[in-house]
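Trainee: I should be grateful for a close look at a single part, namely the relation between the chains. Please set it out in one connected account.

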Protein chains: 2
Amino acid sequence: MNFSKTASYSLNVLSYMATHDNNMSAAFLHEKLSIPYPYLRQVLTSLSKSGFIHSTRGRSGGFAFSKQKSDIFLADIIESTDGLESLNKCILGFNSCPFNNECSMHKVWEETRNGILKVLKSTSLSDLVRTPD
Amino acid sequence: MNFSKTASYSLNVLSYMATHDNNMSAAFLHEKLSIPYPYLRQVLTSLSKSGFIHSTRGRSGGFAFSKQKSDIFLADIIESTDGLESLNKCILGFNSCPFNNECSMHKVWEETRNGILKVLKSTSLSDLVRTPD
DNA sequence: CATAAATGATACCTATTTGTAGCATATTAT
DNA sequence: ATAATATGCTACAAATAGGTATCATTTATG
């Protein structure tokens, strides 16, 4: 009952960038966030491919946002890493509900999942304020 | 953002047993629930070891509840398969919060997780009613 | 121009989860 | 007794996620 590490790393990186704003290299982010460097490289590349950030190569290269922080929602990020389909799935693992939606988990779990989705869809990176360090 | 398959299988098995009540063999449950037979065997054994059900060996053996269905909560089942620690964790994957709990996800995510926990802890197998088939 | 510092791409290794197979043991029915 | 039908146990295989390593390419700077 968790997001993948890749998703957490992504959220972590992007929220850090969102509060510091400049062009940042993988090496710098690695130092600040203690995410394993080679893996972080892959994560950053895939965040670039997803369009949240873009990279510039060469000596003073790095990564910077491609979009407004207020236009990047947590749901977008999770969607790009883990996908969100799981939040539409039955807790019992059924593809289609064999109980005709009559099992009591159906409703209560649906509400819980909708609550999570609502949070993820309404929280953007610009909402993730932190005290600068 | 999901429970493991093992957890879903376990919930599925126990909720089926809860609505049919008799001693059931792995072979029978496999037929009814389409969970891969050898894996289901392992799941049933581990549910036995966790004390939810017990087994009887031999020709007319199988599995049956060891406790009242009203005393088995979804949280207990998930705890025994996936563990519940993940529901106490930061969405960004931090061990301790580097933002002094000031990031806005902190509160909202904490509330969401508490909501899930509340559902899991308050729903027992006897609440999982389904129409018999 | 040469070097340093950055990303791009890709192949590989490791750990965990999911799934398979087979033999040993127990119990019931014939 | 013996055969059939159960579970117990355990080793193995496959798929996925997480993590490492390396070389190529790009660009700024002395």
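Mentor: In this predicted model, chain B is superposed on chain A by a rotation of 180° with 0.0 Å of shift along the axis, at an RMSD of 0.1 Å; the fit is by least squares on the C-alpha atoms of residues with pLDDT of at least 70 in both copies. The two copies are thus related as by a two-fold rotation axis. Met1(B) has the C-alpha nearest that axis in chain B, at 2.7 Å. Residues are numbered from 1 along each chain as its sequence is written, while chains are lettered from A and ligands numbered from 1 in the order in which they are written. Local features need pLDDT of at least 70 and side-chain atom pairs count only at pLDDT 80 or more, whereas totals for chains, interfaces and linings use all residues.

Where the chains meet, 33 residues of chain B are in contact with 32 residues of chain A, contact being a distance within 7 Å between C-beta atoms placed from the backbone. On the side of chain B that touches chain A, helix 1 (5-20) and helix 5 (104-122) each supply at least two residues; helices (H or I, at least four residues) and strands (E, at least two) are DSSP runs numbered from the N terminus. Helix 5 of chain B gives the largest share of this side, 7 residues. By class, this side of chain B has 15 nonpolar, 12 polar and 6 charged residues. Here Ala, Val, Leu, Ile, Met, Phe, Trp, Tyr, Cys and Pro count as nonpolar, Asp, Glu, Lys and Arg as charged, and the others, Gly among them, as polar. Because 97% of the interface residues of chain B are also interface residues in chain A, the copies meet through the same surface.

Both chains also contribute to the surface near DNA strand D. This strand is surrounded by 25 residues, the closest being Pro36(A), Pro38(A), Gly58(A), Arg59(A) and Ser55(B); a residue is near if its C-beta atom, placed from the backbone, lies within 6 Å. Two or more residues each come from helix 1 (5-20) and helix 3 (37-49) of chain A, and from helix 2 (26-33), helix 3 (37-49) and strand 2 (62-65) of chain B. Helix 3 of chain B provides the largest share, 4 residues. The surface near DNA strand D divides into 6 nonpolar, 13 polar and 6 charged residues.

Notes
Two residues are in contact if their C-beta atoms, placed from the backbone, lie within 7 Å.
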